[in-house]
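Q: Please look closely at a single part of this model, checking its geometry step by step. Then carry on to the packing and the chain contact, in one connected account.

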Amino acid sequence: MIKGNFIDNLPKVYGIYTGGFIGFIILMAIGEQMGMSAKAIGICFVGFTIFIYALIGWLSRTAQASNYYVAGRTVPTVFNGMATAADWMSGASFVAMAGGIYFKGYGYMALLVGWTGGYVLVATLLAPYLRKFGCYTVPDFVGTRYGGNTARLMAVIVLTVASFTYVTAQINATGTIAAVALDIPFQYAVYVGLVSILLCSMLGGMRGVTWTQVAQYIVLIIAYLLPVFWISNNIGAGFFPHFMLADEVARIGELEQQFGFVKNSAADLATVPKGLAGITKAHSEVNATPWAFISLALAMMMGTASLPHVMMRFFTTPSVKAARKSVGWSVFFIFLLYSSAPMLATLSKLALIDPNLPTGIIGKSIAEVQAIDWYQNWNQANLMFVSDFNGNGTVELNEFFMGGKAVVLATPEIAGLPYVISGLVAAGGLAAAMSTADGLILAIANAISHDVYYKMVDPKAETAKRLVVARVLLVIIGFAGATIAAMEIQGILGSVIWAFDFAMSGLFWPLVLGVWWKRANKEGAIAGMVLGLVSGFAYLVWVRSGGSGFLGITQLTFGIFGSTVSLVAMVVVSLMTSEPSAATQKMVDDSRVPAGTQVISQK
Amino acid sequence: MAKNAQHWEKTRGLLFVTLAIWAIFSMGIFLFGAEMNEVTGPFGYPLTYWFTCQGSLAIFVILIFWFAGRQEKIDEEFGFSEKGDD
């Protein structure tokens, strides 16, 4: 069936794969009709998809450094776009984003704008130039551009702090989904998730991760879009929700007016299970100040451009030109999911609060709601709760509470979709969390194996030895992440946003000025990274421990402070010290011209 | 070297234009979020709401492809583009 070069056959290979996956969904749907249990369907979905990823990981095994670090620089633009989208969209995007929009409305939407707008910075300021440079890792660029091990090591440290903050959240999400789908305790499920993640990346490095991420993107986008379209049709909201939900959005506004937002007393709220929230904010009204919105969007955009696991995806394209276009495809594939999340939030909210819909629970009696099957299921899973605070016997808007994850996980069931969809959603969430975790663990392990071990400790190491070190590090970092994830220190979303702030505090200006300002030198870059990271971290600690902050910079946007300090430090120190050598300046000139050989020659 | 300098000048020009459009749709319009939301936007959604759900996001996608095309033209003009395609 498949002849010739693998790369030339990619559309065919993934076409067959997509068809096969859809066939599998249909098979499960038939199984459900024939009496297959919900649990068996869940296990099949999770087991089957993990098996496929592991198979791809094994088929992509390699013994060459360029394959291991940058997938041999052969990944075509569209496929790199899909891989980047999977790399990018984490368990948080998949499971928690619609919930965030549902509960927080406009103030939260800054994340959607930020997490897509950041790619404009990636495409214009960085990706093509770093691709031309020919580095294997982001610290490789910093180390070569500025020279010296100190700058390289600092970049590795910033990368590790940011990526590690992020990866524990992803392993946590993998574990959560595996725990539910396989019905095993979370502490074990985390390690099941970890092993699956390592299966994708250990043998093939970046090559394995690339081809599994493409497969994971296909699973996650089907798993996200299918329910949105189905629910929309099921409740009669329109066959193409993105263009047709204006009436529903307006209707939610009407209902909010009618019910009003009643503030609950602290004593009442104390009886609500932890992690659940009520609807307290208007769905489509502007409920944040311009600066609150813009600062959050800006922090996320600059963070996007500084996160190494994203940047390194653009090292895998065949050319500089392809790197630029590939950024466009990445945002396109991300856009498909992000533009659907608000639609899902709208459908979910309307289905639950509109008394005219059969699924609506507001205005029904408490006893009636408590008797609904899906209410009982999700109440048991600690994701849904009603309580009769005012004692009138019916559920009011302020007496209904839900976990953010329930918007994605429970809405299919509430809207009366078959269980096979819930199994699909679990597989999608798992794909999203695994693909991001893969990219992050690989980014950290590669930085340490390439930049610390190969470039600093043992520059004469042979390829075979380098790759052994890289793989050992991958396992160690994975286990460290899983161990911390098993402790369940923090919610999924909080730590994700911090990762962006850490990355932008330390890396944004050293990367951007490295390309765009020839005068930037080693001393400046080191000062920028150290002071940026330290000041950002100090600000976070200060605000977390009760500090008032300034200029409206919160613990979610502390990167704005960190990166400003970084910029000032970098410019001042660069200007106070001597300008970079002629060789370095020539390197910068070379990186600005797409044609010709790459700046660093790699072994 | 003069050729390189000219190429870089044009590249920088394109960067500024792209970043200006980016700044408008990622930050600028949200200065007037509350006022803009009174207006009905595409498909009947409130305008600011539409921008956060679809508008700004779609503009970024188009903007990046447009930028990539323009930059390629600049590179070709100076004979700096890479041989072969992607």
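A: Take helix α24 of chain A, residues 522-544, in what is a predicted model. The expected span is 1.5 Å times one less than the number of residues, so the 23 residues of α24(A) should cover 33 Å. The C-alpha atoms at the two ends of α24(A) are 33 Å apart, in agreement with that figure. After α24(A) comes A:Gly546, which has a positive phi, near 100°.

A second piece of helix geometry in chain A is the pair α6(A) and α14(A). Their axes lie 7 Å apart and meet at an angle of about 35°. The crossing of α6(A) past α14(A) is right-handed. On the α6(A) side, the contact includes A:Gly107, A:Ala110, A:Leu111, A:Gly114, A:Trp115, A:Gly118 and A:Tyr119. On the α14(A) side, the residues include A:Ala292, A:Phe293, A:Leu296, A:Ala297, A:Met300, A:Met301 and A:Thr304. By class, the contact of α6(A) with α14(A) has 15 nonpolar and six polar residues, with no charged ones. As for spacing along a helix, an α-helix has 3.6 residues a turn, so residues three or four places apart point the same way.

The contact between the chains draws on 46 residues of chain A and 39 residues of chain B. Both helices of the pair just described take part: α6 (106-133) and α14 (290-304) are among the helices of chain A that each give at least two residues to the side touching chain B. The others are α11 (241-244), α12 (246-259) and α16 (320-338). Of the side of chain A that touches chain B, α16(A) gives the largest share, 11 residues. That side is made up of 30 nonpolar, 10 polar and six charged residues.

The partner, chain B, has three helices and zero strands, in the order α-α-α along the sequence. Its radius of gyration is 18 Å, whereas the globule rule gives 12 Å for 86 residues, so chain B is more spread out than a compact globule. Along the principal axes, the C-alpha atoms of chain B fill a box of roughly 55 × 25 × 10 Å. Of the 86 residues in chain B, 34% are buried. Among contacts in chain B with a separation of 6 or more, 51% join residues 24 or more positions apart.

Technical notes. Residues are numbered from 1 along each chain as its sequence is written. Chains are lettered from A and ligands numbered from 1 in the order in which they are written. This is a predicted model: local features need pLDDT of at least 70, side-chain atom pairs count only at pLDDT 80 or more; totals for chains, interfaces and linings use all residues. Helices (H or I, at least four residues) and strands (E, at least two) are DSSP runs, numbered from the N terminus. The radius of gyration is taken over C-alpha atoms; the globule rule is 2.2 Å times the number of residues to the power 0.38. A residue is buried if 20 or more other C-beta atoms lie within 10 Å of its own, exposed if 12 or fewer, and partly exposed in between; C-beta atoms are placed from the backbone. Two residues are in contact if their C-beta atoms, placed from the backbone, lie within 7 Å. Ala, Val, Leu, Ile, Met, Phe, Trp, Tyr, Cys and Pro count as nonpolar, Asp, Glu, Lys and Arg as charged, and the others, Gly among them, as polar. Axes are lines fitted to C-alpha atoms, for helices over the stretch in contact, and angles run from 0 to 180 degrees between N-to-C directions. A crossing is left-handed if the near helix is turned anticlockwise from the far one by less than a right angle, and right-handed if clockwise.
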